[in-house]
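Reader: I am new to this structure and should like to be guided through it by questions and answers. Please show it first.

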Amino acid sequence: MEKHSGITKETLLTVKEKLKDGVLPQWVLADRDMFELELKNVFGHTWQFLAHESELKEPGSFVTRWIANDPVLVTKTKTGKIKAFLNSCTHRGTLLCTADSGKQKSFTCPFHGWTYNNEGCLVGIAVGNKVYGEEMNKEDWNLRPIPKVDSYQGMIFGNLDKDAESLDESLGNLKWYLDIMLGRSDGGMEVQGSPQRYVVEANWKVTAENFESDPYHVQYTHKSSKEMGIAPNDPFFPGHGYQVVLDNGHGINLVALDETGISPFPYQGMPESMWPMFEKNLTKEQLGILKDSFFVGGVYPNLGFLQFSFPPLEGEPQLYNFLNFRLWRPLAPDKVEVWSWHLIDKAAPKEYKEKSYFAFLSTFGPSGMLEQDDAEIWSRVSQASNGLMAQDKELSYNSFLNYLMGLDRVQPDEDFPGPGVAYPLCFLDTLSRSMHKRWIDLLLQEKPVQKEVR
Ligand code: FES
Ligand SMILES: [Fe+2]
């Protein structure tokens with residue numbers, strides 16, 4: 001039976017027009033047809049983060065991941081190559097590997113016992129000769145590779161679209177900022193522990209946007225941290241700094257440390273012994289940014305990052321820095337699986353790494369004080385977006401979300417030393433508008449765009 005979809009090209013064009021005016025219809029946060037269109041047009045064509053290379057240390061290492069609904073097996077072969085396959089047996093399709101991570105040369109399917117090596121080749125069929133004969137060509141039944149896999153600064157991405165632009169092109173001018181976070185130290189970064197996973201009843205656009213482009217919420221959603229004296233007691237915290245709009249919907253907020261009351265800690269509180277290394281690996285401009293700002297931003301569509309410092313123990317004057325990358329995996333219009341990695345410089349002192357992990361856990365771990373504040377609010381957006389009024393597509397009610405902050409009021413700073421369009425303020429909706437512009441452009445892509453009836 002054909003299923004009627006309310007998402008026509010016309011509707012999408014109307015949404016695009018509304019976005020130019022700085023508003024977004026609320027129904028896009030809870031609509032099932034919209035969600036399915038996003039799965040195809042956004043998640044089927046963009047580069048999706050799979051793993052950091054430090055999670056696949058030795059030949060034979062593997063991790064299992066997801067690109068939206070596609071299970072992915074990422075392996076390191078005996079020659080040290082990273083490969084990624086659909087984690088589905090080519091015999092009858094069951095999930096092949098169910099472990100989160102490990103090290104092994106081959107994967108045997110739990111259903112009928114077909115075995116694949118970590119190059120994705122089918123190397124064993126239970127009683128194969130007896131049941132399929134000699135003529136069955138095993139190569140025809142190798143694991144299906146993820147069409148595109150590439151990495152940047154240790155971050156491994158996959159893309160389900162074989163015709164997609166390269167990762168390099170897709171990351172564009174965001175690379176300059178990623179280099180500050182991922183390339184500042186000798187040996188790069190490493191993941192500590194396993195990625196934490198938890199499900200939040202929220203729409204993926206809300207989580208991505210809230211984390212990556214909305215420092216405005218911090219002063220109120222996270223008010224308790226101010227009341228406890230942990231965060232600066234300034235209603236404008238963290239509005240000071242730059243919001244930088246980058247290629248393809250990517251972006252970053254550089255929250256100025258000198259305006260936040262955290263100024264006694266240059267380089268975000270990282271050990272002084274590491275500073276010469278930063279000076280060696282970064283340009284003068286990048287160094288200036290690392291020294292004076294916290295970072296929060298995103299790789300469009302659903303990979304957020306936060307570089308932040310926090311005291312891990314009560315009363316300890318020292319701040320401990322951490323880099324958190326997090327993926328918002330869409331499960332339903334109102335459900336997202338958060339995948340959250342703690343990264344630290346490989347070259348950091350051991351004790352510092354441990355304390356950094358505690359600083360991360362106490363703030364942005366699943367029960368961290370800042371994470372819980374956010375998760376509650378994200379769910380409330382879904383709760384308030386499901387009803388008839390919020391879901392009205394006639395756009396006749398006032399069911400719009402407001403992205404007007406800074407619209408035509410704040411001009412870019414032409415003298416900003418980094419790439420991108422840098423606005424001298426973090427309390428802005430400029431980056432949110434840019435993210436949603438990329439979103440609507442992807443939805444409007446001609447190739448897989450939905451027609452009225454499908
Ligand atoms: S489904 Fe894997 S061996 Fe049959
Ligand atoms: Fe938050």
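**The metal site and its surroundings**

Author: The iron ion (ligand 2) has as protein donors His217 (NE2), His222 (NE2), Asp374 (OD) and Asp374 (OD), at 2.1 to 2.4 Å from it. Donors are N, O and S atoms within 2.8 Å of the metal (3.2 Å for Na, K and Ca), and water is not among the atoms, so sites may look incomplete. This is a predicted model, in which local features need pLDDT of at least 70 and side-chain atom pairs pLDDT 80 or more, while totals for chains, interfaces and linings use all residues. Residues are numbered from 1 along each chain as written, chains are lettered from A and ligands numbered from 1 in the order written, and side-chain values use heavy atoms, without hydrogens and water.

Reader: What is the arrangement of the four donor atoms around the iron ion (ligand 2)?

Author: Four donors count as tetrahedral if all angles lie between 85 and 135 degrees, and as square planar if opposite donors are over 155 degrees apart and all others between 65 and 115; anything else is irregular. Here the angles run from 57 to 144 degrees, so the arrangement is irregular.

Reader: Is aspartate 374 buried or exposed?

Author: Buried means under 20% relative accessible area, exposed over 50%, and partly exposed in between (1.4 Å probe, protein chains only). Histidine 217, at 13%, is buried. With a relative accessibility of 3%, aspartate 374 is likewise buried.

Reader: Which strands stand at the edges of the sheet?

Author: Strands (E, at least two residues) and helices (H or I, at least four) are DSSP runs numbered from the N terminus, and two strands pair if DSSP finds at least two bridges between them. The open sheet has eight strands, paired antiparallel in the order β12-β18-β17-β16-β15-β14-β13-β20. Each edge strand has a single partner, so one of its sides has no neighbour in the sheet; these strands are β12 (189-200) and β20 (421-423).

Reader: What is the bridge partner of tryptophan 328 in β18?

Author: Strands β17 (residues 320-332) and β18 (residues 335-345) pair in the antiparallel sense over nine bridges. In β18, tryptophan 328 has as its bridge partner valine 338.

Reader: How many residues has the largest nonpolar core?

Author: A nonpolar core is a set of buried Ala, Val, Leu, Ile, Met, Phe, Trp, Tyr and Cys residues joined through side-chain atoms within 4.5 Å. Among the residues with the most contacts inside the largest one are Tyr177, Phe325 and Trp439. A second, separate core of 14 residues includes Phe85 and Ile125. The largest core has 95 residues.

Key. Four donors count as tetrahedral if all angles lie between 85 and 135 degrees; four count as square planar and six as octahedral if opposite donors are over 155 degrees apart and all others between 65 and 115; anything else is irregular.
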